[in-house]
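Colleague: Could you take a close look at the disulfides for me, and at what sits around them? I'd like a connected walk through that part rather than a table.

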Amino acid sequence: MNKSCLAFVSLLGLSACDLGGTPDYDRRVITGNSVYSDWKVTRSEAQQAAHTDLERYAKNECRRAISNGWSLEKIRNHGEMNCEQTDNGNHCRKKNVELECMQIAEFFP
């Protein structure tokens with residue numbers, strides 16, 4: 001193979017790699033309910049705990065609800081607060097939380 005042919009094949013290979021491009025992503029929107037907070041004495045403490053736990057729930061929910069390889073892009077809707085009061089105290093969660101999940105769409109052979 002001569003040098004010009006080798007150079008052409010090398011350039012063709014590099015252009016096929018798309019080295020400077022950004023990856024493509026698949027995106028899905030899912031809706032879910034976070035788990036209840038630990039029991040708290042007051043309703044406001046339980047609401048604060050549910051709000052704090054929302055971030056941890058959201059980070060794991062895409063992977064759990066769809067499959068491995070999916071991750072959280074953003075929380076689209078923080079949902080509504082849902083609380084219960086019993087003899088044990090108060091606990092709350094976020095209902096109808098809307099999450100935008102993403103996964104890299106490119107296949108690397």
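Modeller: Let's fix one word before we start: a residue is called buried when its relative accessible area is under 20%. Keep in mind, too, that this is a predicted model.

Now to the cysteines. Searching the whole structure turns up two disulfides. If you number the bonded cysteines of the chain in sequence order, they pair as 1-4, 2-3.

Take the link between cysteine 62 and cysteine 101, where the sulfur atoms are 2.0 Å apart. Cysteine 62 sits in helix α2, which covers residues 43-65, while cysteine 101 belongs to strand β5, residues 97-104, so this bond ties together parts that are 39 residues apart in sequence. The angle about the S-S bond is -75 degrees, and the link is left-handed. Are its two ends buried or exposed? Cysteine 62 has a relative accessible area of 0%, so it is buried. Cysteine 101 also counts as buried, because its relative accessibility is 0%.

The other link joins cysteine 83 and cysteine 92, again with sulfur atoms 2.0 Å apart. Here the torsion about the S-S bond is about 105 degrees, so this disulfide is right-handed. Cysteine 83 and cysteine 92 are both buried.

Next, the surroundings, beginning on the helix side of the 62-101 link. Glutamate 61 is in helix α2 as well. You might not expect it of a glutamate, but with a relative accessible area of 9% glutamate 61 is buried. Leaving out residues up to four places away in sequence, glutamate 61 touches Ile30, Ile66 and Leu99.

That brings us to the sheet. Strand β5 is part of an open, three-stranded sheet in the order β1-β5-β2, with antiparallel pairing. Its edge strands are β1 (25-32) and β2 (71-77), each of which pairs on one side only. On average, and ignoring direction, neighbouring strands of this sheet are turned by 25 degrees against each other. Between β2 and β5, which run antiparallel, there are five bridges. Across from leucine 99 in β5 stands isoleucine 75. Leucine 99 is also one of the residues that glutamate 61 touches.

Further along the strand there's glutamine 103, also in β5. Its relative accessibility is 23%, so glutamine 103 counts as partly exposed. Which residues does glutamine 103 touch, not counting those up to four places away in sequence? They are Asp24, Tyr25, Asp26, Asn68, Gly69 and Trp70. For aspartate 24 there is a C-alpha separation to go with that: 8.6 Å from glutamine 103, with their positions 79 residues apart along the chain.

Finally, strand β4 (residues 89-95), where you'll find asparagine 90. Asparagine 90 counts as buried, because its relative accessibility is 6%. A polar atom of the asparagine 90 side chain lies 2.8 Å from the backbone oxygen of valine 41. Setting aside neighbours within four places in sequence, asparagine 90 is in contact with Asp38, Trp39, Lys40, Val41, Thr42, Arg43, Ala46, Glu84 and Gln85.

So, back to your request: the model has two disulfides, the 62-101 link being left-handed and the 83-92 link right-handed.

Conventions:
Residues numbered from 1 in each chain as written. Predicted model: local features only at pLDDT ≥ 70, side-chain atom pairs only at ≥ 80, totals over all residues. Heavy atoms only, no water. Disulfide = S-S within 2.5 Å. Helix = DSSP H or I, 4+ residues; strand = E, 2+ residues; numbered from the N terminus. Buried < 20%, exposed > 50% of the residue type's maximum accessible area, 1.4 Å probe, protein only. Contact = heavy atoms within 4.5 Å. Polar contact = N/O pair within 3.5 Å; in protein donor to acceptor, adjacent residues only side chain to side chain. Pairing = 2+ DSSP bridges. Axes fitted to C-alpha atoms, helices over the stretch in contact; angles between N-to-C directions.
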